[in-house]
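Colleague: I should like to go through this structure with you, one question at a time. Please give the reasoning before each result.

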Amino acid sequence: MADSSHQGIRTVLHPVTDLEKAKAVYTALLGVAPQADSPYYVGFDVEGQHIGLVPAGGPQSPDSPVAYWHVTDIEAKLAEVTAAGATLKEAAHDVGGGRLVATVTDPDGNVLGLLQD
């Protein structure tokens, strides 16, 4: 088996129907103001974890929360997990600042995210 080269789950994105209402709830839950706050994304950094809110129905919106495994080489990890039976859902692409994300589905249809900084 290839070297896993992952840093664990550090990012979870949640689709929300009302970004402002969700932002208030997550601010209260996490006890911090968002570090990223725009009409298309709100993100919180807490204790090494990143929690993101994405407007449901948008171009990058997941259908349910997606946990992102941080990896050192996204293309190598995509090759490794697809060879093991995962199906590519969304190819690696830049979401800004050189950050690459991709998603695959496991054999049961669960969405797994990969993220490379």
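Colleague: Which residue in S4 is the bridge partner of Val 16?

Modeller: The model is a predicted one. Strand S1 covers residues 6-16, and 6 bridges join S1 to strand S4, residues 49-55, in a parallel arrangement. Within S4, the bridge partner of Val 16 is Pro 55.

Colleague: Do S1 and S5 run parallel or antiparallel, and which residue of S5 is the bridge partner of Val 12?

Modeller: Strand S5 spans residues 66-71, and 5 bridges join S1 to S5. These two strands run antiparallel. In S5, the bridge partner of Val 12 is Ala 67.

Colleague: Which element gives the most residues to the largest nonpolar core?

Modeller: The largest nonpolar core has 9 residues in all: Val 12, Val 16, Leu 19, Ala 22, Tyr 26, Val 42, Phe 44, Ile 51 and Leu 53. At least two residues of this core come from each of S1, helix H1 (19-30), strand S3 (41-46) and S4. The element that gives the most, with 3 residues, is H1.

Colleague: Which residues does Ala 22 touch, leaving aside those up to four places away in sequence?

Modeller: Ala 22 belongs to the largest nonpolar core, as do Val 16 and Leu 53. In general, nonpolar side chains in soluble globular proteins tend to be buried together. Not counting residues up to four places away in sequence, Ala 22 touches Val 16 and Leu 53.

Colleague: Is Ile 9 buried, partly exposed or exposed, and what is the accessible area of the nonpolar patch that Ile 9, Trp 69 and Leu 112 form?

Modeller: Ile 9 is located in strand S1. Its relative accessible area is 36%, so Ile 9 is partly exposed. Ile 9, Trp 69 and Leu 112 form a nonpolar patch on the surface, and together their accessible area is about 230 Å².

Colleague: How far apart are the closest N and O atoms of Lys 23 and Glu 20?

Modeller: Lys 23 and Glu 20 both lie in helix H1, 3 residues apart, which is about one turn of the helix. Lys 23 is buried because its relative accessible area of 14% is under 20%. Glu 20 is exposed because its relative accessible area of 51% is over 50%. The two residues form a salt bridge, and the closest N and O atoms are apart by 3.3 Å.

Colleague: Which residue in strand S2 pairs with Lys 23?

Modeller: Lys 23 forms a salt bridge in which the closest N and O atoms are 2.9 Å apart. Lys 23 lies in helix H1 and its partner in strand S2 (residues 36-38), so the pair ties together parts that are 14 residues apart in sequence. The partner is partly exposed, with a relative accessible area of 45%. This residue of S2 is Asp 37.

Colleague: Which residues are joined into one network by salt bridges that share partners?

Modeller: Lys 23 forms a salt bridge with Glu 20, and Lys 23 also forms a salt bridge with Asp 37. Salt bridges that share partners thus give one network, made up of Glu 20, Lys 23 and Asp 37.

Colleague: Which residue meets Asp 117 in a salt bridge?

Modeller: Asp 117 is exposed, at 59% relative accessibility. The partner counts as partly exposed, at 27% relative accessibility. The N to O distance is 2.7 Å, and the side chain that meets Asp 117 is that of Arg 99.

Key: Residues are numbered from 1 along each chain as its sequence is written. This is a predicted model: local features need pLDDT of at least 70, side-chain atom pairs count only at pLDDT 80 or more; totals for chains, interfaces and linings use all residues. Side-chain values use heavy atoms; hydrogens and water are left out. Two strands pair if DSSP finds at least two bridges between them. Helices (H or I, at least four residues) and strands (E, at least two) are DSSP runs, numbered from the N terminus. A nonpolar core is a set of buried Ala, Val, Leu, Ile, Met, Phe, Trp, Tyr and Cys residues joined through side-chain atoms within 4.5 Å. Buried means under 20% relative accessible area, exposed over 50%, partly exposed in between (1.4 Å probe, protein chains only). Contact means heavy atoms within 4.5 Å. Patches are made of residues with over 30% relative accessible area and no salt bridge: like charges are joined within 9 Å, nonpolar side chains (Val, Leu, Ile, Met, Phe, Trp, Tyr) within 5 Å. Accessible areas come from the Shrake-Rupley method with a 1.4 Å probe; for residues, only the protein chains shown count as cover. A salt bridge is a side-chain nitrogen of Lys or Arg within 4 Å of a carboxyl oxygen of Asp or Glu.
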